[in-house]
Amino acid sequence: MSSGLILGIESSCDETAAAVVERGARTLSSVVASQIATHLRYGGVVPELASREHLRAIVRVVRAALAAAGVKLADLDAIAGTSGPGLAGALLVGITYAKALAFAQGLPLIAVNHLEGHIHAVLLQERQALSSMSNGEASVELPDTQALALVVSGGHTHLYLAQPGDGSWHYSLIGRTLDDAAGEAYDKVAKLLGLGYPGGPWIDALARFGDPHAVPFAFAQIKSKAHLGGKPPRTKAATTAPIATLDPRFLFSFSGIKTAVLRYVELHSLRAEATARIPRMLAVARLPQTKDEALALCPQSTLDLIASFQHAVVGDLMKKTFAAAESLDAERILVTGGVAANRELRDRFTAEATRQGIQIAFPTLALSTDNAAMIAAAAWPRFVAGQFAEPELSANPSLALS
Ligand code: KG4
Ligand code: ZN
């Protein structure tokens, strides 16, 4: 009988990660090497630097994951790597290394879509909880049920209907952003306010001390899809289904709110005030915990702006996700990806789900942002179903999940 051990490798953006997961249900190790310090001074990920940092870290990170799990390469059943979507050069480092290891060890290679990985971060956690309740019986089966999954990160804002079937999972795209991802809006707004990178955790921390109703940001309803027919989405992320096939009620757009924040900042001269107080290298410092610490960084008017921005973004994500759940009769919602770490998002989604009697699940904070445990977990059903990658597998920066 197989040991069920899969080594996952993730390098799609700015985190080099490796993890060993048993049967998609028990994390033996999960190592993440962040490149934040490298990209900090640019206020965003620089693709060439990301590839270089992945090359520097990959061997060390994989060895650390194996050592922490107490397993050798020979103990593994398969090696899984993120094949897309993401940055081409960054993806290639992980995929090439995964291929080389698999070839050298005579192990099967499993290609995992990064977005599928984010969805499995939640499923892994649920299986983990279940297996700990049944005294570590890792083979315990979770009654997998279909779920509406909101993947909301720095590169994606996608709604999928995830359905188990034939031993594997199937995904139908329900909605997506037409332009920026929600996390991208967080990062851009944080950058224009002179906050640290990545911006999400800063906005999350500061928003608690502002008035969410101070600035009435509004999201326009996305109009009929006729004019979008055949047009590719204006995003550097996955080129998935043509937008025209999607219900406009489930389409997102976050570039407008970013511009609205910029206009507000210019109009109220907040930028100079905020940037004067906030040193650029702040992201290495501790996030503010108290109102006094927040006020030491920005004036109340900036805190109000930040709280209003977050309130509007979370409100829009909620409105469309719950509308899609209702239209699909989904009894379960999974929210995953870096932005799913957001406190206000978790609180408001949970309250609404409780009100509507819908189940809701999030990954732990560590599993919300990029990691390789989710890649190894997503690979498990593919391993069981014998869905292995061809030797000519390469990175696909715009890989679709459907
Ligand atoms: O999933 P992830 O690590 O990488 C991608 O696949 O993009 O997500 C990173 C994104 C960044 O945009 C970051 O600002 C955002 O997730 N993020 C947050 C929070 N923590 C990370 N956004 C809002 N609130 C947070 N607490
Ligand atoms: Zn991600």
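In the predicted model, tyrosine 160 stands opposite leucine 173, a residue of strand 8. Further along the same pairing, glutamine 163 is placed opposite histidine 170 of strand 8. These positions belong to the ladder between strand 7, which covers residues 157–165, and strand 8, which covers residues 168–177; the two strands run antiparallel and are joined by eight bridges. Strand 7 and strand 8 together form a hairpin with two residues between them, and in the turn aspartate 166 adopts a positive phi of about 55 degrees. Strand 8 is mostly covered, given that eight of its ten residues are buried.

On its other pairing, strand 8 is joined to strand 9 by two bridges, and here the strands run parallel. Within this parallel pair, arginine 176 stands opposite leucine 251 of strand 9. The hairpin and strand 9 are parts of an open sheet of six strands, whose order is 9-8-7-6-10-11 and whose pairing is mixed. The edges of the sheet are formed by strand 9 (251–252) and strand 11 (359–361), each of which pairs on one side only. Helix 10, residues 300–328, packs on this sheet and touches strand 6 (147–152), strand 7, strand 8, strand 9 and strand 10 (332–336), while the direction of the helix makes about 160 degrees with that of strand 6.

Helix 10 also meets a second helix. Two packed helices are described by the angle between their axes and the distance between the axes. The axes of helix 10 and helix 11, the latter comprising residues 343–356, come within 10 Å and cross at roughly 35 degrees, and the crossing is right-handed. On the side of helix 10 the contact is made by Gln310, His311, Val314, Gly315, Leu317, Met318, Thr321 and Phe322, and on the side of helix 11 by Glu344, Leu345, Arg348, Phe349, Glu352, Ala353 and Gln356. Sorted by class, the residues of this contact are seven nonpolar, five polar and three charged.

Aromatic pairs were searched for throughout the structure, and six were found. In one of them, the ring centres of tyrosine 186 and phenylalanine 309 lie 5.2 Å apart and the ring planes meet at 75 degrees; because planes over 60 degrees apart count as edge-to-face, the pair is assigned to that class. Tyrosine 186 is located in helix 5 (residues 182–192) and phenylalanine 309 in helix 10, so the pair ties together parts that are 123 residues apart in sequence. Both partners fall under the 20% limit that defines burial: tyrosine 186 is buried with a relative accessible area of 2%, and phenylalanine 309 is buried at 1% relative accessibility.

A further aromatic pair joins phenylalanine 322 and phenylalanine 349, whose ring centres are 5.6 Å apart and whose planes stand at 40 degrees, so the pair is classed as tilted. Phenylalanine 322 lies in helix 10 and phenylalanine 349 in helix 11, and the pair therefore ties together parts that are 27 residues apart in sequence. Phenylalanine 322 and phenylalanine 349 are buried, and these two residues are also among those that make the contact between helix 10 and helix 11. Elsewhere, ring pairs link Phe219, Phe252 and Phe254 into a cluster.

Several backbone features lie in loops. The peptide bond from glycine 84 to proline 85 is cis, with omega near -10 degrees, and proline 85 is located in the loop between strand 4 (78–84) and helix 3 (88–105). A cis peptide bond is also present from tyrosine 197 to proline 198, with omega near -10 degrees; proline 198 belongs to the loop between helix 5 and helix 6 (199–207).

Positive phi values occur at two further loop residues. Arginine 23, although not a glycine, has a positive phi of about 50 degrees, and its position is in the loop between strand 2 (15–22) and strand 3 (26–34). With a relative accessible area of 15%, arginine 23 counts as buried, because the limit for burial is under 20%. Aspartate 329, likewise not a glycine, has a positive phi of about 60 degrees and is found in the loop between helix 10 and strand 10. Aspartate 329 has a relative accessible area of 64% and is therefore exposed, as values over 50% are assigned to that class.

Technical notes: Residues numbered from 1 in each chain as written. Chains lettered and ligands numbered in written order. Predicted model: local features only at pLDDT ≥ 70, side-chain atom pairs only at ≥ 80, totals over all residues. Heavy atoms only, no water. Pairing = 2+ DSSP bridges. Helix = DSSP H or I, 4+ residues; strand = E, 2+ residues; numbered from the N terminus. Contact = heavy atoms within 4.5 Å. Axes fitted to C-alpha atoms, helices over the stretch in contact; angles between N-to-C directions. Buried < 20%, exposed > 50% of the residue type's maximum accessible area, 1.4 Å probe, protein only. Left-handed = near helix turned anticlockwise from the far one by under 90°. Nonpolar A, V, L, I, M, F, W, Y, C, P; charged D, E, K, R; others polar. Phe/Tyr/Trp six-rings, centres within 6.5 Å; stacked < 30°, edge-to-face > 60°.
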